[in-house]
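Here are my notes on this one, written so you can follow along with the structure open. Take the points one at a time and look up each residue as you go.

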2 protein chains.
Amino acid sequence: MIRAVFFDMDDTLYDTSGFAAIARRAAVKSMVHNGLKCSEDEGYRRLMEIVKEKGSNYDKHFNILVERINGNPDPLIVVNGIITYHNTKFAMLKLEPETFSILLYLKSQGYKVGLITNGKELKQWEKLVRLGMYPFFDDVVTSESVGIEKPNPEIFNIAMERLGVTSGTSLMVGNNFDADILGACNAGMQSMLINSRLTQEQKETLEEMGCLYNVREINNLLDLMKIL
Amino acid sequence: MIRAVFFDMDDTLYDTSGFAAIARRAAVKSMVHNGLKCSEDEGYRRLMEIVKEKGSNYDKHFNILVERINGNPDPLIVVNGIITYHNTKFAMLKLEPETFSILLYLKSQGYKVGLITNGKELKQWEKLVRLGMYPFFDDVVTSESVGIEKPNPEIFNIAMERLGVTSGTSLMVGNNFDADILGACNAGMQSMLINSRLTQEQKETLEEMGCLYNVREINNLLDLMKIL
């Protein structure tokens, strides 16, 4: 019997990638209007190369983009990108009704609810607070705060210990096969893959690890209610 | 005859300190509501000690405040402070009508207009863009971009050279006696002190330097029009 449900955050509880894509497109449009010498499509493509190169937590993507395309990091163009990115992102930040419903349902049914997320402590907390989600969580574990990242099973063990639950009664919900599903499997938890489908290869991996029967696929968070 | 007018930004064109004070008070209120264990007045006083200790460009004032008062840097409290600070600051950012009027007047009369500011390149540009002031400026010199700070006369020389003007036809307007007035005097420029009054000691200093006659006091930016 499941007593605790742990969630991944980005692209599980909140469409981080989708919102980031819109905010980056808006930023590129503003930079092109302010003198970035390329089309909006090329600007976006080049920006995504830089994001891939430097990682999403790097804070100078726009500086590099402007420098690469215009030959110098014109501050007027860079700050127009930064301002538009933030304005767009904050304007869109809103909890999806289905996320709200499932978190409320879990609390009303007496489940313990935890968050296990790879990312910077304050950046992840900022999302929880801006989205108004944090009161639903009994505990929040960020990789930065504990110094261990998913899929290392240790981060799952820490999260379960902090909530006072065991792996046999714990469920992990996430969108990333390696980080969320393999990690949870190695910690002995059940897991649910959301917004993604298991490939044949992934099924075989889980079978070899002896935990395929512990993993389920769901289309959206509300499907959790039908299964729990 | 004056042909170019150079401005300082913070507390000259824009009430940086006043807006920061309001945004910090709002941030402390939010942190106290979210569990900071002190009164709002004590929180603000302790925050200002930290700002003084670390400088205003440091980015972890709130972390330190929460750690000092609560014994640990509870991320929920820290991010509530950060979010409220930024929301309040951006909500208030608006060009004062008198600043707009004087910049428009100078442009309409054919003056060259420059900015000479101590601060971080992108942070200062962000203010110019968010306030909508940047189109008025023929050139912007930040200390970070040239590696020299006011009152070093070299930063004034660079600014004048970039606008193609000489010290004999240039006026510096700023609120800080040391940075703006002494610096401009040492670069051979005329200057105007705004939002502040010369003390007797400052007058004597200027007299010894032989440039007291080159310095005037104004109450607000609009007084510039009467004098030019």
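1. Start where a helix stops. Right after α3(B) comes B:G71, and its phi is positive, near 90°. Keep in mind that this is a predicted model, so every angle here is read from predicted atoms.

2. Now look back along the helix itself. Which residues of helix α3 of chain B are buried? They are B:H61, B:F62, B:L65 and B:V66, in a helix that covers residues 61-70. These four span an arc of only 125° around the axis, so they sit on the same side of α3(B). The general reason for such a pattern is that an α-helix has 3.6 residues a turn, so residues three or four places apart point the same way. What do the buried residues of α3(B) pack against? Their partners are α1 (16-33), α2 (40-54) and α4 (75-92) of chain B.

3. Next, the two chains. Chain B lands on chain A after a rotation of 180° with 0.0 Å of shift along the axis, and the RMSD is 0.0 Å. The two copies are therefore related as by a two-fold rotation axis. They also meet through the same surface, because 100% of the interface residues of chain B are interface residues in chain A too.

4. Have a closer look at that contact. Chain B puts in 14 residues, and chain A puts in 14 residues. On the chain B side, α4 and α6 (121-130) each supply at least two residues, and α4(B) gives the most, with 7 residues. Sorted by class, this side of chain B has 10 nonpolar, 1 polar and 3 charged residues.

5. Within chain A, there are two domains to find: domain 1 (4-15 + 95-227) and domain 2 (16-92). Their centres, taken over C-alpha atoms, are 31 Å apart. Contact between them involves 5 residues of domain 1 and 5 residues of domain 2. The domain 1 side of that contact has 1 nonpolar, no polar and 4 charged residues.

6. Finally, some backbone oddities. Most residues other than glycine have a negative phi, and most peptide bonds are trans. A:D11, in the loop between β1 (4-7) and α1 of chain A, has a positive phi near 70°. A:N195, in the loop between β5 (190-194) and α10 (200-208) of chain A, has a positive phi near 60°. The bond from A:K150 to A:P151 is cis, with omega near 10°, and a cis bond also joins B:K150 and B:P151.

Definitions and conventions
Residues numbered from 1 in each chain as written. Chains lettered and ligands numbered in written order. Predicted model: local features only at pLDDT ≥ 70, side-chain atom pairs only at ≥ 80, totals over all residues. Buried ≥ 20, exposed ≤ 12 C-beta atoms within 10 Å, placed from the backbone. Arc of directions from axis to C-beta. Contact = placed C-beta atoms within 7 Å. Least-squares fit on C-alpha atoms with pLDDT ≥ 70 in both. Nonpolar A, V, L, I, M, F, W, Y, C, P; charged D, E, K, R; others polar. Domains from an automatic or database assignment.
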